[in-house]
Amino acid sequence: MTEGLLSLWILGAPALLGITVLRAIGLRFRDDRLGFVAWTWPAGCLALGIALFVYLLCGVEPWRWWWSAPLFALLATALLAAGRGKAPAGTAPPPIGRGFLLLVLALGAWCLLFAVAGAAYPVVNGDEGNIWSLKAKSLVLDWFTGDFAQAQRWNLHPDYPLLDPLLQAWVHAQTDRIAQFESRWLVQGCALSLLLATAASLRARLPARHAGLLLLLLPFARPFVQASQTAYADGMVALGVLLALDGALRFCADGRAAWAWLAAIGAAFALWSKNEATLYLAAAAGAVLVWLALRRPRTGGAVLRLLPAAILPLAVLVAQRLFNHHFGLHNDLFGANPGGRTLLSVIAGQFGERAPAVLARAGRVLFASGEPHALFGVLLLAPLLWRRAAFARELLPVWLWLASSLLGLHVVYLGSFLPIEFHLDTSYVRVLFQLLPAAMLWFAVLARAQLAGSDGLPTTADARAAA
Amino acid sequence: VLLCAAAAFALLRVPFALWSAGQGVPGAYRSAVAALTETQAVRTANAVGLTTASEALLRRHLSRAGRLVTFVPYQGPGWEGILRNQFEQFKNLLYPTPRDAEFAQDAAALAQWIEPAMEGRLVVVDGTQENAELPVRGEFELLGEQRLGAVRLRFWMLRKAAR
């Protein structure tokens, strides 16, 4: 009974926090029912992570961490009260559709099966054990003994961001022991949230039948199953990236500040989950600049209005960099590798040897495998297939961002100090998966524009009309 | 037409992915049942190969500044994979007692981790299935042994390293 209540608290606290945060930024359940349920989890986990990070910095010991949720709920409620007058009237939600809802529920059950199956194994295997869980244990066991920095030499990637370990540390703290099985619960929740958020983002742009078909690309992908089973952070990045894109597109469509904040929450969530998100942020900045330079879009003012919300992801990025700098935690791509070489020198030195292997793997996975990553092949060919639509208005920066992010990921493989085939075998499909839900959303927007015979950005109202 | 072709190109992967993921469903179902019905001690023993008693024994004899060396003296890439996997599981399960964990597949590799500074702080988890002593110079105390299925593990504490 007590254990059941404790489990309820462990999972319920971030969910309640998420609801409060979403309400505080001006989102309502009626804005997008499915989306609201999905977004609750990352919003709550991010708020909880920030709370725990502040607690660590202030030296608050784990047995007091249960304060986090109520305290931050209070703060968020205060924000809500402050912003209530400014929230515009919500529009009627796009209909989910019974068939689509049943499909989402079935896929959710699929995800839950693997989540429960994961509990047969303690968090000790692979990157889950060597990186994420080890950091979480270290946050609880080494931080307050004063040798956290020294302990990081035993971690494979000591510079990786803290959100995943913090969410595991929350479980350790609440159970008052190293929870070898339960600690991944909150991270696993992100896989379910990813499924729901993807479903919501597709349904907001496409009729139920088309959205349902496209959604099928996600849950059977190997990295999604892995994200459901383990505490790997790639599913978290995928979720954050999708939220950022979905929020930004909705903001461009109707200009509501709440969507900009949703995008900011997504970006911050991704940036604090894994380092690849920093690459995606740089690619996004580049894409927007190119777009502004090429098109002088009429929504340029909207981009400027995104800036206040941009403080959140930038703050997370700076905080993580300062944290790593303070504890001397360095990235293997930027010198902390066996040779002590920088990324550029490594790339220059091994380009000829590695480029063919990376290109061959990309060709195989994107065009000739059973992986849903084939959608990236469509993305890369889009300028040839739909010259006007792919480069039209709001789709241009999205395409530029996704394409340059993909390119950046491949450059990282060129600069890796690990044996190339080993590195590709162990991570390529999983890391590219981080962009798959966002690519699905891009395709949905493109498809909607093509089906409607326009090059404009479809809105939730379009989806309602289509339904 | 192009849109349908592109969608079909991507969606054609779904049956393959579903087939591949579907292969994992019976295993996932068995794991889910185990997760819901077995104790954590049983699940740990099944997954990591270390009983609760052995885990307690190792934690009792190892400090944060200690060292755990997993030793499996059988050669071949298959054995190397098993050893690496086992070493990682032990390391991550026991963290932070000790933080330092290593592995060895032969006597020379084992010897490089045995040093005077680690006397009384180093335990070798010995996966040798024959009744042989550790193939390195030094004095070791047998703390205990564990039999899990057909596999035997012995736990040796370094008392005196060769100088």
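Student: What makes the area between chain A and chain B count as buried?

Tutor: Buried area is the accessible area, taken with a 1.4 Å probe, that two parts lose on being put together, summed over both. In this predicted model, chain A and chain B bury about 3,700 Å² between them. Carbon and sulfur atoms carry 67% of that area. The contact draws on 50 residues from chain A and 40 residues from chain B.

Student: Why is the pair of Asp142(A) and Arg99(B) called a salt bridge?

Tutor: The name requires a side-chain nitrogen of Lys or Arg within 4 Å of a carboxyl oxygen of Asp or Glu. For Asp142(A) and Arg99(B), the closest N and O atoms are 2.7 Å apart, so the pair qualifies. The pair crosses between chains: Asp142(A) sits in the loop between helix 5 and helix 6 of chain A, and Arg99(B) in the loop between helix 6 and strand 2 of chain B.

Student: What makes the side chains of Arg99(B) and Asp147(A) a salt bridge?

Tutor: The N to O distance from Arg99(B) to Asp147(A) is 3.0 Å, which is within the 4 Å cut-off, so this pair is a salt bridge as well. Behind such pairs is a simple idea: side chains of opposite charge can pair when their charged atoms come close.

Student: How many salt bridges are there between chain A and chain B?

Tutor: The count is three between these two chains, while a search of the whole structure finds 23 over all chains. Polar contacts between chain A and chain B are counted too, and they come to 17 residue pairs, both residues being at pLDDT 80 or more.

Student: Which elements give two or more residues to the side of chain A that touches chain B?

Tutor: Among them are helix 4 (98–118), helix 5 (126–141), helix 15 (343–367) and helix 20 (436–452) of chain A. Helix 5 of chain A gives the most, with seven residues. By residue class, that side of chain A divides into 33 nonpolar, 11 polar and six charged.

Student: Why is chain B called more spread out than a compact globule?

Tutor: Set the two values against each other: the radius of gyration of chain B is 22 Å, well over the 15 Å that the globule rule gives for 163 residues, so chain B is more spread out than a compact globule. The C-alpha trace of chain B spans about 80 × 35 × 30 Å along its principal axes. Chain B has seven helices and five strands.

Student: What makes the peptide bonds before Pro96(B) and Pro98(B) notable?

Tutor: Most peptide bonds are trans. The bond from Tyr95(B) to Pro96(B) is cis, with omega near 10°, and the bond from Thr97(B) to Pro98(B) is cis, with omega near 5°. Pro96(B) lies in the loop between helix 6 (77–94) and strand 2 (100–104) of chain B, and Pro98(B) has its place in the loop between helix 6 and strand 2 too.

Student: What is the phi of Asp176(A)?

Tutor: Phi of Asp176(A) is near 60°, a positive value in a residue other than glycine. Most residues other than glycine have a negative phi. Asp176(A) is placed in the loop between helix 7 (163–175) and helix 8 of chain A.

Student: Which element of chain A has the lowest mean pLDDT, and which the highest?

Tutor: Helix 21 (residues 460–466) of chain A has the lowest, at 47, and helix 8 (residues 185–203) of chain A the highest, at 97. Chain A averages 88, and 90% of the residues score at least 70.

Definitions and conventions
Residues are numbered from 1 along each chain as its sequence is written. Chains are lettered from A and ligands numbered from 1 in the order in which they are written. Side-chain values use heavy atoms; hydrogens and water are left out. Contact means heavy atoms within 4.5 Å. A polar contact is a pair of N or O atoms within 3.5 Å; within protein, one must be able to donate a hydrogen and the other to accept it, and residues adjacent in sequence count only if both atoms are side-chain atoms. Helices (H or I, at least four residues) and strands (E, at least two) are DSSP runs, numbered from the N terminus. Ala, Val, Leu, Ile, Met, Phe, Trp, Tyr, Cys and Pro count as nonpolar, Asp, Glu, Lys and Arg as charged, and the others, Gly among them, as polar. pLDDT is the predictor's confidence in each residue, from 0 to 100. The radius of gyration is taken over C-alpha atoms; the globule rule is 2.2 Å times the number of residues to the power 0.38.
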